[in-house]
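Student: Please take me through this structure and explain how each description of it is justified.

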Amino acid sequence: MAVNKTEALDKTALGKKESEQKIVIIDTGCANISSVKFAVERLGVTVTVSDDPQVILAADKVFLPGVGSASSAMNNIKQKQLVETIQQITKPVLGICLGMQLMTEFSNEVPGSHIASNITESVDCLKLIPTEVSRMDTADLVSPHMGWNQIKVEQDNPLFAGIADGSYFYFVHSFCAPISQYTLASCEYGQGFSAAIGNNNFYGVQFHPERSGDAGATLLQNFIRM
């Protein structure tokens, strides 16, 4: 399969008005922030990384990245007293990978859930999008779901402007949100799942746009242009 090179991000430019926006990446203490920061900066935008509620609430656009487990991430967010701050944001917010999962009502990704498939415990998440996250049923496929896969755009949404059905994005995850009325794009890997979800000003993508070449750059650009 031929995929677009990450260098293609450099070809995507934003206008002066867009490039002067206040873009903030929330420092949750559990994310690989640098890759998201560099990808957005390659679009000609200055990015601030912060866990200061005033800085976050004053932003024009907010990114919520995340790696690791939902339970650990939510503990970090609570320790930083950022739950209410994130819930109060009125400007567009984009959750990436685990960041998307944290936007849901709850997640079954708790200690031990990567080893045992019968764990029914859950951790409360940010409750921004009325759906939930559970362990993927990958059937005979390797878990985690890792690598390039195609998405299907399910709803007409500015986030996917100029992105065709069948576009490839880069995934790394073993938990997912089901397909629901909040699904903006879907994907298949052993089961159908939400590749992107949205509710009001909150958006989330299960894939890594910062690692997804031209399609990822377009999505980041679309978000900043909202």
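**Terms set against values**

Tutor: This is a predicted model, in which local features need pLDDT of at least 70, side-chain atom pairs count only at pLDDT 80 or more, and totals for chains, interfaces and linings use all residues. Residues are numbered from 1 along each chain as its sequence is written, and side-chain values use heavy atoms, with hydrogens and water left out.

Student: In S7, what is the bridge partner of Ser107?

Tutor: The partner is Val133. Two bridges join strand S5 (residues 106–107) to strand S7 (residues 132–135), and these strands run parallel. Strands are DSSP runs (E, at least two residues), as helices are (H or I, at least four), numbered from the N terminus.

Student: What makes S5 and S7 a pair, given the bridges that join them?

Tutor: Two strands pair if DSSP finds at least two bridges between them. Two bridges join S5 to S7, so the requirement is met.

Student: In what order do the four strands of the open sheet stand?

Tutor: The order is S6-S5-S7-S10, with mixed pairing. Strand S6 (123–124) and strand S10 (175–176) each have a single partner strand, so one side of each lacks a neighbour in the sheet.

Student: Why is Cys187 called buried?

Tutor: Buried means under 20% relative accessible area, exposed over 50%, and partly exposed in between (1.4 Å probe, protein chains only). Cys187 has a relative accessible area of 3%, so the residue is buried. Cys97, at 8%, is therefore buried as well.

Student: How do you know that the sulfur of Cys187 is too far from the closest cysteine sulfur for a bond?

Tutor: A disulfide is a pair of cysteine sulfur atoms within 2.5 Å. The closest cysteine sulfur, in Cys176, is 9.9 Å from that of Cys187, and is therefore too far for a bond. By this rule, the protein has zero disulfides.

Student: Why does the span of helix H7 agree with what is expected?

Tutor: The expected span of a helix is 1.5 Å times one less than its number of residues. For the 13 residues of H7 (residues 213–225) this gives 18 Å, and the end C-alpha atoms are 18 Å apart, so the two agree.

Student: What makes H7 mostly covered?

Tutor: Of its 13 residues, 10 are buried, including Leu219, Leu220 and Phe223.

Student: What is the mean pLDDT of the protein?

Tutor: The mean is 90, and 89% of residues reach 70 or more; pLDDT is the predictor's confidence in each residue, from 0 to 100. Over residues 112–116, however, the pLDDT is below 50.

Notes. Contact means heavy atoms within 4.5 Å.
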